Amino acid sequence: MTEAMRAVATGLGLPVQDAQLLQLTNNAVFALPRAGIVIRIARTHNLRDRVTKVIGLAHWFAEIDAPTIRLAPNVDRQVVVGGMSASVWRYVPPQPPAPTVEDLGLVLRELHTLALPRFPLPVWDPVGDARRRLADAEGLDSRDRDFLIEWCDRLDAPITALNGTTDRKLIHGDAHVGNLLREPSGRAVMCDFDATCLGPWQVDLVAVAVGEARFGSSGLHRALADAYGFDVTADPCWPILRDARELKMIAAAVPLLATSAHVAAEFAKRLQSVRDHDHDLRWTPFVDLTRPGRDTGMA
């Protein structure tokens, strides 16, 4: 991933001396503050179409001045290096105040009022996403695979029914404070559009609610509900939405199992808690387990 980042930057004539690995999950995300850019590299060939979708969305968001991050100037296309696909974004340096769940609620309210784009987007399909990850699972044993496949099978019909009975909106698909940035103007904007699609707008309110239950934070869901004006846990569809979110939160680790002992251990803990119907067991965010210096070969 580091070699691919350097190849992208070199091809653009940009310095890499201050490159920082920000995240290593489905994408390797590098910040190059001196050059003022962020490079996101899809870690598998299966995600190449997603990069194309994200760049199309970025152009549309810029046209309508949506509350979203922008592509880097003069790099408005997919960059392919060594068979891997990358997108290049403006770097927004951290600055106070840090984005909050109140910011998230306001940004989501604005996002959900947008008209649908003029190009096709996928429909919310957490089960299909999970199955695609299972197909790219080198470190998954057969027992865990069978359990995840059964989970997908059980959710398939409820998700299809929910998609067919609700008004589809443009949804971010992975809406949490970690995907918010604050621009120098003070405006909070969303980033990371890999999961952006059309679906029930309630989906975007689920990540914070489930995150509070699983990661032990307190008061964040209430603050989001107040800022947005809706409590998703009171929605009749909440059990389905929660189940779909937890499936996503577990399946996200599948492509990394063979490369990270820390992620594999957390994956096993999460899966066992679902097997045991233990909704009180606390999880550790995968992003905390893939920081530089942990299973990444980075100092």
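Helices (H or I, at least four residues) and strands (E, at least two) are taken here as DSSP runs, numbered from the N terminus. The structure described is a predicted model, in which local features need pLDDT of at least 70 and side-chain atom pairs count only at pLDDT 80 or more, while totals for chains, interfaces and linings use all residues. Residues are numbered from 1 along each chain as its sequence is written, and side-chain values use heavy atoms, with hydrogens and water left out.

**Overall form**

The protein contains ten helices and nine strands, and its C-alpha trace spans about 50 × 40 × 35 Å along the principal axes. Its radius of gyration is 19 Å, which agrees with the value near 19 Å that a compact globule of 299 residues would have; this radius is taken over C-alpha atoms, and the globule rule is 2.2 Å times the number of residues to the power 0.38. Of the 299 residues, 50% are buried, where buried means under 20% relative accessible area, exposed over 50%, and partly exposed in between (1.4 Å probe, protein chains only). With contact meaning heavy atoms within 4.5 Å, residues 24 or more positions apart account for 69% of the contacts that have a separation of 6 or more.

**Cores and buried residues**

A nonpolar core is a set of buried Ala, Val, Leu, Ile, Met, Phe, Trp, Tyr and Cys residues joined through side-chain atoms within 4.5 Å. The largest such core has 75 residues, and those with the most contacts inside it are W124, L148, W151 and F267. Leaving aside neighbours within four places in sequence, F267 is in contact with residues including L140, L148, I250, V254 and F286. A second, separate core has 19 residues, among them L24, L32, V81 and V88.

Strand β3 (residues 37-42) holds I39, which counts as buried at 0% relative accessibility. Beyond the residues up to four places away in sequence, I39 touches several others, including M5, V8, F30, L32 and V88. H172, in the loop between β6 (168-171) and β7 (180-182), also counts as buried, at 1% relative accessibility; among the residues that H172 touches, not counting those up to four places away in sequence, are L111, C191, D192 and D204.

**A covered helix**

Helix α6 (residues 206-215) is mostly covered, since eight of its ten residues are buried, among them V206, E212 and R214. The cover over these buried residues includes α3 (101-111), α7 (220-228), α8 (238-251) and α9 (261-275). After α6 comes G216, whose phi is positive, near 85 degrees.

**Backbone features in loops**

Most residues other than glycine have a negative phi, and most peptide bonds are trans. The table lists three places in this model where the backbone departs from that pattern.

| Place | Backbone angle | Location |
|---|---|---|
| D65 | phi about 55 degrees | loop between α2 (48-64) and β4 (79-81) |
| D192 | phi near 65 degrees | loop between β8 (188-190) and β9 (197-200) |
| P96 and P97 (cis peptide bond) | omega about -10 degrees | P97 in the loop between β5 (84-90) and α3 |

The two aspartates can also be described by their accessibility: D65 is partly exposed, with a relative accessible area of 46%, whereas D192 is buried, with a relative accessible area of 15%.
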